[in-house]
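Good morning, and thank you for joining. I would like to use these few minutes to go through one model and the way its helices and strands are put together.

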Amino acid sequence: MKDVPRWPVTGSFNHHGMQYSTTVPNDPDTHEDFRPTNKLDDSSLSLKDIVEQDIKENPVMIYIKGVPELPRCGFSSLAVRVLQEYNVPFSSRNILEDPELKDSVKAYSNWPTFPQIFIKGEFIGGSDIILSMHKVLLRATIHSICCQSIA
């Protein structure tokens with residue numbers, strides 16, 4: 001079996017002659033527009049309130065590892081592809097960016113794994129559930145919230 005290099009979670013590393021960094025330098029010359037921010041930190045809402053608001057304001061809400069354009073796990077990727085199959089707009093949050101948000105979502109749904117999909121404020125489940133529904137029920141559920149024909 002081939003040895004797979006183990007890279008540090010944070011810091012810098014070289015791979016095939018390229019230098020990569022997973023940390024942001026604390027350089028006083030870096031303009032504040034380019035410094036990382038956490039939009040949740042700027043909010044006066046609690047994480048529970050943010051989760052409730054996400055689910056209430058977004059007809060289809062998915063909490064995933066990564067972002068829809070670049071999911072960071074196979075289950076998140078599968079869930080995103082199933083939702084995209086219906087060409088319906090959905091909102092998402094990357095739970096990898098904030099461990100406390102991840103814990104709040106798990107507490108809200110009383111479900112331990114991700115992704116987590118909510119439709120019309122109701123917790124549906126993860127990628128296994130949405131895939132099963134896709135085979136039978138999801139088309140009707142999504143159609144009922146979108147008022148448009150789904151091809």
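I shall take the sheet first, then the helices that pack on it, and finally a contact between two helices. Please keep in mind that this is a predicted model.

The sheet is open and has four strands, in the order S6-S3-S7-S8, with mixed pairing. At its edges are S6 and S8, the latter spanning residues 122-125, and each of these pairs on one side only. Averaged over the sheet, neighbouring strands are turned by 25° against each other, with direction ignored.

Let us look at strand S3, residues 60-64. On one side, S3 pairs with S7, residues 116-119, in the antiparallel sense over four bridges. In that pairing, Val-60 stands opposite Ile-119. S3 also pairs with S6, residues 91-94, here in the parallel sense and again over four bridges. Two positions mark the register with S6: Met-61 is opposite Ser-91, and Ile-62 is opposite Ser-92.

How buried is S3? Five of its five residues are buried, so the strand is largely enclosed by the rest of the structure. As a general point, side chains in a regular strand alternate between the two faces of the sheet. In S3, one side carries Val-60, Ile-62 and Ile-64, the other carries Met-61 and Tyr-63, and all of them are buried, so that both faces are covered.

Which elements pack here? Helix H1, residues 47-57, packs on the sheet and touches S3, S6 and S7. The direction of H1 makes about 135° with that of S3. Helix H2 lies across S3 and S7 and runs at about 160° to S3.

H2 brings me to the last topic, its contact with H4. In general, a pair of packed helices is described by the angle between their axes and the distance between those axes. For H2, residues 74-85, and H4, residues 127-136, the angle is about 30° and the axes are 9 Å apart. Angles under 35 degrees count as roughly parallel, and H2 and H4 are therefore roughly parallel to each other. H2 passes H4 in a left-handed crossing.

Which residues form this contact? From H2 come Phe-75, Leu-78, Ala-79, Val-82, Leu-83 and Glu-85, and they meet Ser-127, Ile-130, Leu-131 and His-134 of H4. Sorted by class, the contact comprises seven nonpolar, two polar and one charged residues.

That concludes my presentation, and I welcome your questions.

Key
Residues are numbered from 1 along each chain as its sequence is written. This is a predicted model: local features need pLDDT of at least 70, side-chain atom pairs count only at pLDDT 80 or more; totals for chains, interfaces and linings use all residues. Side-chain values use heavy atoms; hydrogens and water are left out. Axes are lines fitted to C-alpha atoms, for helices over the stretch in contact, and angles run from 0 to 180 degrees between N-to-C directions. Angles under 35 degrees count as roughly parallel, over 145 as roughly antiparallel, 65 to 115 as roughly perpendicular and the rest as oblique. A crossing is left-handed if the near helix is turned anticlockwise from the far one by less than a right angle, and right-handed if clockwise. Contact means heavy atoms within 4.5 Å. Ala, Val, Leu, Ile, Met, Phe, Trp, Tyr, Cys and Pro count as nonpolar, Asp, Glu, Lys and Arg as charged, and the others, Gly among them, as polar. Buried means under 20% relative accessible area, exposed over 50%, partly exposed in between (1.4 Å probe, protein chains only). Two strands pair if DSSP finds at least two bridges between them.
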